[in-house]
Amino acid sequence: MLYPLDEILLLCLLAVLAGAETFVDIALFGQMKLEFLRRFRPFRDSTPSHDHLGDIFASLDAGQFQQCFAAWVASVTGASAGVIAIDGKTSRRSYQKKNAKAPIHMVSAFAARQRLVLGQVKVAEKSNEIVAIPKLLDMLAIEGAIVTIDAMGCQREIAAKIMDKKADYILALKGNQGTLRKDVEVLAAEQKANGFKTRQSVGMRRSMAITAASRREPPP
């Protein structure tokens, strides 16, 4: 029997939206809703069993699939034309005390205008968002977008990667990053007094709009 990937993905998407949580649930949904599914795709060989579903998903390259999905989403939504917010969140109830397993922390890219998640990267254990954010940016087509990141992403390498991908950025800046905040405040004051007429100010306005947070933050 042949199970085209587009049919498998459609089956799983609809089943999960209907409340399926396991491959067994998905397979049962396929059996019960076969005629409904055939409104959209042929499903000539019906739908696969839960064992087949497990084998199919086990053979997929998750990273490559995620890149393809992100590229497809960008192509059909035009997401790069707006604001893309990058932020990290910890999944609730993902910590396993019994096995001493750390909670799952994900970094996501959210297209604000479309209200759509464009891609996600799991933060590896004993790592942090600074490492995960560049991996997420590599997956995305962000040319022409404005990328916003909190103070965790206020790093030279991250800013350079965004510019290399022909996007602009807005980074939050706290008072605990050495003298950087003070330097930015001085630069902004100088450029404002000069009417933002120098070549340096053009780069500042284009790619370094910074939100200054409170100095009461403790040093890292």
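Which side chains does a polar contact of 2.8 Å join? In this predicted model, the partners are Glu 129 and His 105, whose side chains meet at that distance. Glu 129 belongs to helix H6. With a relative accessible area of 11%, Glu 129 falls below the 20% limit and therefore counts as buried.

Helix H6 also takes part in a salt bridge. Side chains of opposite charge can pair when their charged atoms come close. Here, Lys 161 and Asp 138 meet with a separation of 2.9 Å from N to O. This pair ties together distant parts of the chain, as Lys 161 sits in helix H7 (residues 156-164) and Asp 138 in helix H6 (residues 129-139), 23 residues apart. Both partners are partly exposed: the relative accessible area is 24% for Lys 161 and 47% for Asp 138.

The structure holds 3 salt bridges, and the remaining pairs lie elsewhere in the sequence. Asp 6 bridges to Arg 41, with 2.8 Å between the closest N and O atoms. This pair, too, links distant parts of the chain: Asp 6 is in helix H1 (residues 5-17), while Arg 41 is in the loop between helix H3 (34-37) and helix H4 (50-59), 35 residues apart. Asp 6 is partly exposed at 35% relative accessible area, and Arg 41 is likewise partly exposed at 36%. A further salt bridge connects Glu 35 with Arg 38, where the closest N and O atoms are 3.5 Å apart. In this pair, Glu 35 is exposed, with a relative accessible area of 57%, whereas Arg 38 is partly exposed at 34%.

The loop between H3 and H4 holds another point of interest, Phe 43. Most residues other than glycine have a negative phi. Phe 43, however, is not a glycine and has a positive phi of about 50°. Its side of the picture is an interior one: Phe 43 is buried, with a relative accessible area of 1%. Lys 166 offers a second case, with a positive phi of about 60° although it is not a glycine. This residue is placed in the loop between H7 and strand E5 (168-173). Unlike the buried Phe 43, Lys 166 is exposed, with a relative accessible area of 53%.

Nonpolar side chains also appear on the surface. Phe 65, Phe 69 and Trp 72 form a patch there, and together they present about 320 Å² of accessible area. Trp 72 is part of helix H5 (residues 62-77) and counts as exposed at 51% relative accessibility.

Helix H8 (residues 180-193) shows how burial can be arranged around a helix. H8 has 14 residues and spans 20 Å from its first C-alpha to its last, close to the 20 Å expected at 1.5 Å a residue. Arg 181, Val 184 and Gln 191 are buried in this helix. Viewed down the axis of H8, the buried residues fall within an arc of 95°, so they line one face of the helix. The face turned away from that buried side carries the exposed residues Lys 182 and Ala 193. Just after H8, Gly 195 adopts a positive phi of about 75°.

How values were computed. Residues are numbered from 1 along each chain as its sequence is written. This is a predicted model: local features need pLDDT of at least 70, side-chain atom pairs count only at pLDDT 80 or more; totals for chains, interfaces and linings use all residues. Side-chain values use heavy atoms; hydrogens and water are left out. A salt bridge is a side-chain nitrogen of Lys or Arg within 4 Å of a carboxyl oxygen of Asp or Glu. Helices (H or I, at least four residues) and strands (E, at least two) are DSSP runs, numbered from the N terminus. Buried means under 20% relative accessible area, exposed over 50%, partly exposed in between (1.4 Å probe, protein chains only). Patches are made of residues with over 30% relative accessible area and no salt bridge: like charges are joined within 9 Å, nonpolar side chains (Val, Leu, Ile, Met, Phe, Trp, Tyr) within 5 Å. Accessible areas come from the Shrake-Rupley method with a 1.4 Å probe; for residues, only the protein chains shown count as cover. The expected span of a helix is 1.5 Å times one less than its number of residues. The arc is that of the directions from the helix axis to the C-beta atoms. A polar contact is a pair of N or O atoms within 3.5 Å; within protein, one must be able to donate a hydrogen and the other to accept it, and residues adjacent in sequence count only if both atoms are side-chain atoms.
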